[in-house]
Amino acid sequence: MPDALLLAQKLDAFYGDFQALFGVNISVDAGEVLAIIGANGAGKSTLLRSLAGLIKNDSNQVVFKGQSIGDKRADTIARLGIALVPEGRQLFPSLSVEENLKLGAKVGRRGYWTLTSVYELFPILNERRNTAPTALSGGQQQMVAIARALMSNPEVILFDEISLGLAPVIINDIYNAFPTIIEQGVTAVIVEQDISRALSVASRVYCLQKGSVKLEGLTREKTRDAITAAYFGVAV
Amino acid sequence: MEWLGVVVQGVLLGGLYALFATGLSLMFGVMRLVNIAHGDLIVLGAYIALSTVAILDVHPVIAMVLVVPIMGFVGYALQRTLLNRTLGADILPPLLVTFGLSVILQNALLEIYSADPQKLSAGPMETASVSFGSLSVGVFPLLTFVSAIVLIGLLQWVFYHTSLGREFRAVSDNQEIAQLMGINKAHVFGVAMALAFAVTAIAGILFGVRTSFDPSIGGGRLLLAFEAVIIGGLGNLWGTLAGGIILGVAQTVGGQINPGWQQLAGHIAFLFVLAIKPTGLFPRVAH
Ligand SMILES: Nc1ncnc2c1ncn2[C@@H]1O[C@H](COP(=O)(O)OP(=O)(O)O)[C@@H](O)[C@H]1O
Ligand SMILES: [Mg+2]
């Protein structure tokens, strides 16, 4: 295996006594778009939260650019260049749209993404920059969440169900921004329940089921049936 | 005219109560910490000033230059070493730990300074007054009130117009997501505590000039601080100032009617506000 940018190695994750991930192995190569799919409760968010440091693990269970980071704090990991767009947007209600974005730049990593370039990506946010995020539509909120993560100029960006609860037209708007985001050389991990949406942009896919990887491979080599089977846990 | 004077005195006294409450409000606002030791910290500020004045032979107001950073440093250290460990989903640990801290502080102060009442002497400034027409107002209470307004204005500015303030609001909104932004929560909490302690030191010194103090009086100041915060509405510093003023006016007016009613009138005003508006007069608007 070539040196992966980001690795989960035999990753177990727990909520107290409850084990949510069982020996998950995932490797993310530099520059790729990777999809992680799975039914509700499969452990997708838990995986992303472990990668981002919101759940502490053994040090070597998560490796980023050859460095073991499984036990590092989330703020340290953010500074290293991993950003998470959390499930359910999770904007700061006490901060205006622009303040949310400025906070995203707090890690102090320089690069393509600045207020100017994220406003170019999502022009509507420029118009609404002094608004409270709670006054925005769901789609606009999702744009803020994505733009906020981009502001840290991450090397890896983790998207947790960005289409959840949004109308198809709005989802299209958001996915239309993908090429521009990827062009900047960022590596993306996309978690979605909507299989076809995820497969349309990703080159590789992992399927999680009950906390374990049930299927992995190139999206073009996997048949719809095989993925569906791994998704729902029925025999092919 | 006599009543006008009484009300003005109450308003100015309210400035001191607002200063008592500001630190408490800050701690709760940023990290949801209810600090039972807050009254003892006010007293601690007064005692550190007492020692500074004794050792360096300076005016208490000058002593502030030293006492405020000392208290700020103690606040930061206390938050990083002890209080951060108590914060979590459960609100009981910080209550218990700060209660313990209160007991320790009182006993330590008693051991070091004895139970004898002490006072910070500000010299002629204490008795000086200025006249507005027939109304005569004490210079020191006026100075205290102005300090409260300036400090609260400054803190509001920090909260809403600086990157530090952005971080305060972000950790207050959602600690996990704030960490994803590269914010070291433990440090930001430490800084908030340092600010709260700094304001509390100023409150302690102004209080120590105004009245005599001994190690046991922290509890009463804590109660006043709580009442001011709750009357004003949680998380709103200008509301806290209003809360302090309402308490101050109730006390001076009550005391004017019958000297024994002074404290009681303040508590009744508090209960009255709580009864008609349980969230306080100016709760922070939830967006
Ligand atoms: N905070 C939590 N406390 C306890 N259990 C949790 C918590 N969050 C998630 N879980 C459990 O962990 C499992 C995986 O959840 P999650 O990673 O959120 O799944 P997904 O994102 O794939 O829907 C589920 O069984 C869920 O109930
Ligand atoms: Mg999820």
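Two exercises with worked solutions follow, on a predicted model.

**Exercise 1. Describe the shell around ligand 1 and find its polar contacts.**

Solution.

Step 1: list the shell. Ligand 1 is surrounded by A:Y15, A:F18, A:A20, and the run A:A39, A:N40, A:G41, A:A42, A:G43, A:K44, A:S45 and A:T46.

Step 2: sort by type. The shell holds 5 nonpolar residues, 5 polar ones and 1 charged.

Step 3: assign secondary structure. In chain A, strand 2 (18–28) and helix 1 (44–52) each provide at least two shell residues. Helix 1 of chain A contributes the most, with 3 residues.

Step 4: look for polar pairs, using a cut-off of 3.5 Å between N or O atoms. A backbone N or O atom of A:G41 sits 2.7 Å from a ligand 1 oxygen. For a polar backbone atom of A:G43, the distance to an oxygen of ligand 1 is 2.9 Å. The side chain of A:N40 places an N or O atom 3.3 Å from a ligand oxygen.

Step 5: check the cover. Alone, ligand 1 has 550 Å² of accessible area, and the protein covers 61% of that.

**Exercise 2. Map the nonpolar cores, then trace the contacts of A:L158.**

Solution.

Step 1: take the largest core. It has 111 residues; A:I26, A:L47, A:L158 and B:F20 touch the most other members. Helix 8 of chain B (residues 185–210) gives this core the most, with 15 residues.

Step 2: follow A:L158. Beyond four places in sequence, A:L158 contacts A:L48, A:L51, A:A52, A:I82, A:A83, A:L84, A:V85 and A:V189.

Step 3: look for another core. A second, separate one comprises 46 residues, among them A:L101, A:M143, A:A149 and A:I181.

Key. Residues are numbered from 1 along each chain as its sequence is written. Chains are lettered from A and ligands numbered from 1 in the order in which they are written. This is a predicted model: local features need pLDDT of at least 70, side-chain atom pairs count only at pLDDT 80 or more; totals for chains, interfaces and linings use all residues. Side-chain values use heavy atoms; hydrogens and water are left out. A residue is near a molecule or strand if one of its heavy atoms lies within 4 Å of it. A polar contact is a pair of N or O atoms within 3.5 Å; within protein, one must be able to donate a hydrogen and the other to accept it, and residues adjacent in sequence count only if both atoms are side-chain atoms. Accessible areas come from the Shrake-Rupley method with a 1.4 Å probe; for residues, only the protein chains shown count as cover. Helices (H or I, at least four residues) and strands (E, at least two) are DSSP runs, numbered from the N terminus. Ala, Val, Leu, Ile, Met, Phe, Trp, Tyr, Cys and Pro count as nonpolar, Asp, Glu, Lys and Arg as charged, and the others, Gly among them, as polar. A nonpolar core is a set of buried Ala, Val, Leu, Ile, Met, Phe, Trp, Tyr and Cys residues joined through side-chain atoms within 4.5 Å. Buried means under 20% relative accessible area, exposed over 50%, partly exposed in between (1.4 Å probe, protein chains only). Contact means heavy atoms within 4.5 Å.
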